[in-house]
Number of protein chains: 2
Amino acid sequence: MKPLTAGFVFMLAAFTVEAQDRIISPEVHADGTATFRIEAPKATEVLLAGDWMGGESKPMVRDDQGVWSVTVGPLNPGLAIYMFDVDGMKIVDPVNPLVKLRAHTAASLVDIPGNPPSLWQVRDVPHGEVAIVRAKSEVLGDTRAYRVYTPPGYYEQESTKNYPVLYLLHGNNGTEADWSEIGSANLIMDNLIAEGLAEPMIVVMPWCHAVPYFADRTNNLNLMERYLLEEVIPQVEKRFRVQSDRQHRAIIGFSMGGRQSTVIGIRNLDRFAYIGGMSTYPNGLEEYIVAMLDGNPEKLNSQLELLWFGCGRQDKFFDKNEELSTTLSKLGVNHTFYPTEGLHIYDLWRKHLVEVAPKLFR
Amino acid sequence: MKPLTAGFVFMLAAFTVEAQDRIISPEVHADGTATFRIEAPKATEVLLAGDWMGGESKPMVRDDQGVWSVTVGPLNPGLAIYMFDVDGMKIVDPVNPLVKLRAHTAASLVDIPGNPPSLWQVRDVPHGEVAIVRAKSEVLGDTRAYRVYTPPGYYEQESTKNYPVLYLLHGNNGTEADWSEIGSANLIMDNLIAEGLAEPMIVVMPWCHAVPYFADRTNNLNLMERYLLEEVIPQVEKRFRVQSDRQHRAIIGFSMGGRQSTVIGIRNLDRFAYIGGMSTYPNGLEEYIVAMLDGNPEKLNSQLELLWFGCGRQDKFFDKNEELSTTLSKLGVNHTFYPTEGLHIYDLWRKHLVEVAPKLFR
C-alpha cells in the first residue's frame, strides 16, 4: 500500500483542493465555443473527440505545466458528448462531473447555453416531474427502473385529468436515464406544452437493453416487446392517470430504439396509433415491413395516425432510412420522412422530438 | 482534424467493439473480492484508490498487452467509490458505466453483492418511487432539482394516507442524486418498511451546494436553510401527502450535510423534532450549540424527540464528534452518540441510515 497524494484523497473524500482540481474543463465561452483541458504531464499525444465531429478528433496542445487544451466550436446549444484520448486511452474528462450514464463505458457531457434557451433547455416555465419507478420484471428476470415524465399540473390537487402516453426508447448503450438526462425530453415537453405546441402527455422512458450489454442480442427486441406490453404498460396504466386506448398511445425511439419502436409498434397496431423512428437502425426493417404488408398498404394506413421517420443526412444510416421511405411511398403507405442536416447524435434527436411531439394526439 | 480509431467511434456512437471494450472492470468475484483493470500500454505507474482504503492506494500490475490489473477485497456489500491514478492523472474507470455524479470531478462505482442482499440492496419487496422534482429557486437564483422518495403504497388508488417526512442531506461534492444512487436511501427504506422496522415515510433529498462549488462558501449553510424552509418544504407539503407538523419532520445529513442538518434543525425547533448527523463535519458546531443553549439543556430536551450523532472511529472527524457528545452530556442534553468502526464513506452512511431511520416517527 502506498499513501495517496492529497489530490487523490480529495477526489475520493473531497475536502482539499490542489492544482488538478483548479483546472476548468470544459470552459464554455459566451460565443458558444468551448475550451477543453486535461492535466497529463507524461502523455505524448492527447486528442479530443466530440459527437459533433462526425468521426474526427482534434489534437490538444500541451503547455509547460503539462496541461493539454484545445478550443472548438461554436457548438449548438444543448448537451454534447465528448471524450479524451490520452496515448490511446479513451477516458472521460477527469474534472467534469457531467457524465453520460451508459450500459457500458462512460463519456463526458458539455452543456452549451442557448440565448434565449433552446426548446431543450431550462426556461422559466412550469416543470413536470420525472419519476424513477423500480419494479421486478418477471419477463427479464431482474429488477430495473423506468422513468416517467408527468406534465405540469398532473399532481395538482383535485386533478382527475387522464393523459395520453408516449413510450420513448433510447439507442444502443443507453440507459433509462438517457432521454431525461441527455435527450432533455422532460425539458422539451415542458417547453412545448408551455408554448401550446404539444398536448400535455406522459412520457415513459424504459431501459431498452433487455439482455445484458455483452450477451447475445438476438432476442433483445422480442424481450423488450414482452417487457413493454406485459409489464411496463400495465404498470404505467395502473399507477398513472392515462388514456389507455390505442389512439392515445405512441411509441418512438432513436437508433436501436427506433428499430424497436417501429417493429413493436407495427406488430401491435391494436396498442399504438402513433409510431416514430429517429435515425433508425435499419437492419432488416424494410424487409420486415414489406413482408408484413404483403402488398396491402391499408393494413397500416387504416390504423395509424402517424408513421414518422427522421434522419440526418450525415448519418451512416441515412441511405437506408431514405430507401425505406421510398419503398413505403411506392407501396402507398402514408408516412412522413423528415430528412435534415445532422449526425447520429443527441443534438438531432432533441430536434426530432421537438418536431414530432406536436404531431401526437391532436 | 485526425480520423478516429474504431474504438473511439464506438465510445461515442457505440456500434462496434474493439479490444479495449472487451476489458471487464470491475470484475466482482463470488467471495466479494474484485479485480480492477485498465488498458494503459504507455503508462509507467498505475494505482487503484478506493474509498475503503482509508487514504492508501494499491499499485496495479501491467501484463504484456498493456492492461494493468489488481485484485482487492473482499469488500463490504454495497456500492464503493474508486478511481485510477495513471501517471498522476486521476481518472474514472474508462469501461465502467457506474459513475458517481458529483458537483466537481467524477468517480467510478463498484457494486459488491450481498448474499442475502444487504438492507441497502435490491430485495424482492415492494419498491417505492423516486421523483425528480425541478423548480426555479428564487432564493438561489437558479432552477434545480430535488429528489423525493415515496414509500410503496403511496400511489395506490384511493390512498389518502399522509406520511412523515425525512429531509436527508448529502456531503461535500455531492448532488441531489447521491442518496438514491449511492446511498441507496430508497432501497434502505423499501427494505426497512418491508421488515416492519421503519415507519413508511417520505424522504426528500435536495442538492446541498447552495452556492457554486468553487464559490465562496461562507453563506452556503444560510442559503440552504432559506432554500429548504422557504421553498423545498412548502413545495413538498403542497405536492405530496405529508404530516406537516414538527413531530413528523426530521432532518439528517452526512459530513457537510450533517453540519447543515444539525444547525438548521436546532435553529428551527418549531419545524423539526428529529435531528441527526452522520460523520458530521464539525467546524464550529460545538461552539454553536453551546452558545445557543446558554447553559439550559431544556431548550433542546423539551422539544427534540431525537438528537443523533454517528461517526466512524477511523474518520478524521471522530475526535471532534466524540468531543461534541461529551460536551452535550456534560450540559445535560439528551442525545445518542453511535460510534462504530468505519471510515468517512458511504458504506458507513448506509449503515447509519439503517440504524437511525427506525428511530423516527415512532
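I'll start with a hairpin in chain B: strands β12(B) and β13(B) are joined with 4 residues between them, and in the turn B:Gly141 has a positive phi of about 75°. Bear in mind that this is a predicted model.

The two strands of that hairpin, β12(B) and β13(B), the second covering residues 142-150, are antiparallel and share 9 bridges. To give you one position to look at, B:Ala131 sits opposite B:Val148 of β13(B).

Now stay on β12(B), residues 129-137. Of its 9 residues, 7 are buried, so under 20% relative accessible area, and the strand is mostly covered.

β12(B) also has a partner in chain A. Strand β12 of chain A, again residues 129-137, runs antiparallel to β12(B), and 5 bridges join them. Within that pairing, A:Val130 has B:Ile132 as its bridge partner. So what does β12(B) pair with, as far as I've shown? It pairs with β13(B) through 9 bridges and with β12 of chain A through 5.

Next, a helix pair, also in chain B. Two packed helices are described by the angle between their axes and the distance between the axes. Here the helices are α4(B), residues 185-194, and α10(B), residues 346-356; their axes come within 10 Å and cross at roughly 35°. That crossing is right-handed.

Which residues make the contact? From α4(B) there are B:Ala185, B:Ile188 and B:Leu192, and they meet B:Arg350, B:Leu353 and B:Val354 of α10(B). By class, the contact has 5 nonpolar residues, 1 charged and no polar.

That's what I have on the hairpin and the helices.

Terms used. Residues are numbered from 1 along each chain as its sequence is written. Chains are lettered from A and ligands numbered from 1 in the order in which they are written. This is a predicted model: local features need pLDDT of at least 70, side-chain atom pairs count only at pLDDT 80 or more; totals for chains, interfaces and linings use all residues. Side-chain values use heavy atoms; hydrogens and water are left out. Buried means under 20% relative accessible area, exposed over 50%, partly exposed in between (1.4 Å probe, protein chains only). Two strands pair if DSSP finds at least two bridges between them. Axes are lines fitted to C-alpha atoms, for helices over the stretch in contact, and angles run from 0 to 180 degrees between N-to-C directions. A crossing is left-handed if the near helix is turned anticlockwise from the far one by less than a right angle, and right-handed if clockwise. Contact means heavy atoms within 4.5 Å. Ala, Val, Leu, Ile, Met, Phe, Trp, Tyr, Cys and Pro count as nonpolar, Asp, Glu, Lys and Arg as charged, and the others, Gly among them, as polar.
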